Amino acid sequence: MNRKNSTQLHPWTRHFGVLLSPTPRGARLARLLATEWLRTWDLPHSSLEVAAHLVAELASNAAIHGRVTGRGFRLVLLADAGTLRIEVTDTRGDDLPHRRPPAPDAESGRGLVLVEALADRWGAEPGPVPRKTVWAELDLSPNPGKPNFGAPVAPHQEPRGEKEPDQAPPLPPAAAAHSHG
């Protein structure tokens, strides 16, 4: 391996990305997948909830306003030593979002108002054509530069050698349920 050409990530960098359909179901799946990924890290509960709301709003906007038939949207989560960045990229780069005050009786139009209220920073970047990326960042650490999350939390670790990592867990024995007596 040529060490000169290898890229080394910061030890606290975490990355998750997925391509989804620009539908309400795709937006919901974005929130569910992001929540599950974020649960594997030692994030404060309040940060997890805020991040889930931000993903829901940005993904919903991509499914409604960034929808182009046959083209999906991409959700990317990046976490480093104190910041969680949420990026949603869609294929409607011709329409950059901007916050507008909603009419008091409007049933929609509050998504970016919520994003602005919940995120520490947010913005939109055009390109590459025909895409745009809308992003939001959350500061995770009260002390800049000091991580507020650590190693992944494994829900269950099998002892080494008992099963392969991708193997499904064994089913419960059926014989006990059907014993005659």
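Among contacts (heavy atoms within 4.5 Å) in the protein between residues at least 6 apart in sequence, 65% join residues at least 24 apart. This is a predicted model: local features need pLDDT of at least 70, side-chain atom pairs count only at pLDDT 80 or more, and totals for chains, interfaces and linings use all residues. Residues are numbered from 1 along each chain as its sequence is written, and side-chain values use heavy atoms, with hydrogens and water left out.

**Overall build**

The protein has 3 helices and 5 strands. Both kinds of element are DSSP runs, numbered from the N terminus: helices are H or I with at least four residues, strands are E with at least two. From the N terminus on, the order is β-α-α-β-β-α-β-β. Of the 181 residues, 31% are buried. Buried means under 20% relative accessible area, exposed means over 50%, and partly exposed lies in between (1.4 Å probe, protein chains only). The accessible surface comes to about 12300 Å², and 54% of that belongs to carbon and sulfur atoms. Areas come from the Shrake-Rupley method with a 1.4 Å probe; for residues, only the protein chains shown count as cover.

**Helix α3**

Helix α3 spans residues 111–118, and its buried residues are G111, L112 and V115. Seen down the axis of α3, its buried residues fall within an arc of 90 degrees, so they line one face of the helix. The arc is taken from the directions from the helix axis to the C-beta atoms. What covers these buried residues includes α2 (45–64), β4 (121–126) and β5 (132–139).

**The largest pocket**

The largest pocket holds about 560 Å³ of space. Its lining counts 26 residues; N61, H65, G109, G111 and L112 lie nearest the centre. The elements that give two or more residues to this lining are α2, β3 (83–90), α3 and β5. Helix α2 gives the most, with 6 residues. The lining divides into 11 nonpolar, 8 polar and 7 charged residues.

A pocket is found on a 1 Å grid over the protein atoms alone, as an open set of points where a 1.4 Å probe fits, with protein on both sides within 12 Å along at least five of seven lines; lining residues have an atom within 4 Å of a point. Grid points are joined across faces, edges and corners, and the volume is the space filled by probe spheres set on the points. Ala, Val, Leu, Ile, Met, Phe, Trp, Tyr, Cys and Pro count as nonpolar, Asp, Glu, Lys and Arg as charged, and the others, Gly among them, as polar.

**Cis peptide bonds**

Most peptide bonds are trans. Two cis bonds are listed here.

| Cis bond | Omega | Place of the proline |
|---|---|---|
| G127 to P128 | about -10 degrees | P128: loop between β4 and β5 |
| V129 to P130 | near 10 degrees | P130: loop between β4 and β5 |

**Two residues to look at**

W135 lies in strand β5. W135 is buried, with a relative accessible area of 14%. Leaving out residues up to four places away in sequence, W135 touches L58, R85, I86, E87, R121, W122, G123, A124 and E125. The C-alpha atoms of W135 and E125 are 8.3 Å apart, with their positions 10 residues apart along the chain.

L29 sits in helix α1 (residues 24–39). Is L29 buried or partly exposed? At 37% relative accessibility, L29 is partly exposed. L29 and A59 are 30 residues apart in sequence and 9.2 Å apart in space, C-alpha to C-alpha.
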